Amino acid sequence: MSDARVAAVPVQDCDERLVDVRRGGELLVDAREQGTDAVGAFAHLREGVLRRLLEAQALLPDGLRLLFVEGYRPPALQRRYFEGYAERLRSVHPDWQDGRLRSAASRFVSPPEIAPHSAGAAVDLTLADADGHELDLGTPIDASPEDSEGACYTQAPNIGDRARANRTTLAAALTAAGLVNYPTEWWHWSYGDRYWALLTGAEAARYGPRELI
Ligand SMILES: C[C@@H](N)C(=O)N[C@H](C)C(=O)O
Ligand SMILES: [Zn+2]
């Protein structure tokens, strides 16, 4: 997300609604974000993104399901995450100037003005078995590059064979349904945002950041 080409992608917002993914009951929704989110913002996605997630789920091998963890993120929360991570980097690298800090922080957390989660276009998710138990994908969701020694990178070599196979299974289904992965984070997938447009060659993003209501 630190690449200037992402911010340069224009947005032609198609104004699709943000919908609550819990409503249809087809997706398994993890409760870890719920505690801090009274209105359930985290469980929202643009309609077209949810439709593609359900397509992806149908493509998984028998007995596997998607486990949805976080979708929409209000711009103010995105800003808190971004500034918090930049501060963490500043404490480790007190010699870095603001521009370098911003660029380094943007690799793991999007700047609010281009954030795909704040557009309802990105989802953090993993795989679960038929009983709803989370599978091993090599790191916890949201493990930073510093905390995981880089194992959060989708193609990281320092994970086990089972985790690698699970990442491949997840990627095959989501890619076939039209989503793209942010390679710094194996769990982060999106459709219709600026990053998606850059990767797919679309002329514009379909979804830009907005408030929930
Ligand atoms: C904070 C991290 N889980 C995340 O969501 N990163 C992506 C790149 C984002 O902020 O859009
Ligand atoms: Zn994400």
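This is a short talk about one protein structure and the residues around its ligand.

Okay, hi everyone. Before anything else, please keep in mind that this is a predicted model.

Let's start with the overall picture. The protein has seven helices and seven strands. If you walk along the chain from the N terminus, the elements come in the order α-β-β-β-α-β-α-α-β-α-α-β-β-α. The C-alpha trace spans about 50 × 40 × 35 Å along its principal axes. How does the radius of gyration fit with a compact globule? For 213 residues, such a globule would come out near 17 Å, and the protein has 17 Å, so the two agree. Of those 213 residues, 38% are buried. And here's something about how the chain folds back on itself: take the contacts between residues at least 6 apart in sequence, and 72% of them join residues at least 24 apart.

Now the sheet. Which strands make it up, and in what order? It's an open sheet of five strands, running S2-S4-S5-S7-S6, with mixed pairing. At the edges sit strand S2, residues 28-29, and S6, and each of these pairs on one side only. As a quick reminder, strands of a sheet pair through backbone hydrogen bonds, and the pairing can be parallel or antiparallel. Have a look at S4, residues 65-70: S4 and S5 pair in the antiparallel sense, over five bridges. If you want one bridge to find on the screen, leucine 67 has threonine 126 in S5 as its partner.

Stay with S5 for a moment, as it takes us to the annotated residues. UniProt, in an unreviewed entry, lists His117, Asp124 and His188 under "binding site". These are spread over 72 residues of sequence, yet they cluster in space, with a largest C-alpha distance of 9.6 Å.

Let's take two of them in turn. Aspartate 124 is in strand S5. Buried or exposed? Buried: aspartate 124 has 22 other C-beta atoms within 10 Å, and the cut-off for buried is 20 or more. Leaving out neighbours within four places in sequence, aspartate 124 is in contact with Val69, Glu70, Ile141, Trp187 and His188.

Histidine 188 sits in strand S7 and is buried too, with 25 other C-beta atoms within 10 Å. Again ignoring residues up to four places away, histidine 188 touches Ala122, Asp124, Asn181 and Tyr182. So you can see the Asp124 contact from this side as well.

There's one more annotation. The same kind of record, a UniProt entry that is unreviewed, puts "active site" at Glu185. Where is glutamate 185? In the loop between strand S6, residues 180-181, and strand S7, residues 188-190. Even though it's a loop residue, glutamate 185 counts as buried, with 22 C-beta neighbours inside 10 Å.

On to the ligand. How many residues surround ligand 1? There are 14, and the closest are Val109, Ser110, Ala115, His117 and Asp142. By type, the shell divides into eight nonpolar, three polar and three charged residues. You'll recognise His117 from the UniProt binding-site list.

Asp142 deserves a second look. It lies in the loop between strand S5, residues 122-128, and helix H5, residues 145-148. Aspartate 142 counts as partly exposed, with 17 C-beta neighbours inside 10 Å. Now for its backbone. Most residues other than glycine have a negative phi. Aspartate 142, though, has a positive phi near 80°. Glutamate 149 also has a positive phi, about 50°, and isn't a glycine either. You'll find glutamate 149 in the loop between H5 and helix H6, residues 161-176, and this one is exposed, with 11 other C-beta atoms within 10 Å.

Last stop: proline 116. It's in the loop between helix H4, residues 98-108, and S5. Proline 116 is buried, with 30 C-beta neighbours inside 10 Å. Its contacts, apart from neighbours within four places in sequence, are Ser110, Ala121, Ala122, Ser190, Asp193 and Tyr195. Look at the Asp193 one: proline 116 and aspartate 193 are 77 residues apart along the chain, but their C-alpha atoms are separated by 5.7 Å.

That's my tour, thanks for listening!

Definitions and conventions: Residues are numbered from 1 along each chain as its sequence is written. Chains are lettered from A and ligands numbered from 1 in the order in which they are written. This is a predicted model: local features need pLDDT of at least 70, side-chain atom pairs count only at pLDDT 80 or more; totals for chains, interfaces and linings use all residues. Helices (H or I, at least four residues) and strands (E, at least two) are DSSP runs, numbered from the N terminus. The radius of gyration is taken over C-alpha atoms; the globule rule is 2.2 Å times the number of residues to the power 0.38. A residue is buried if 20 or more other C-beta atoms lie within 10 Å of its own, exposed if 12 or fewer, and partly exposed in between; C-beta atoms are placed from the backbone. Two residues are in contact if their C-beta atoms, placed from the backbone, lie within 7 Å. A residue is near a molecule or strand if its C-beta atom, placed from the backbone, lies within 6 Å of it. Ala, Val, Leu, Ile, Met, Phe, Trp, Tyr, Cys and Pro count as nonpolar, Asp, Glu, Lys and Arg as charged, and the others, Gly among them, as polar. UniProt positions are given in the numbering used here, feature names are shortened, and annotations may be inferred rather than shown by experiment. Two strands pair if DSSP finds at least two bridges between them.
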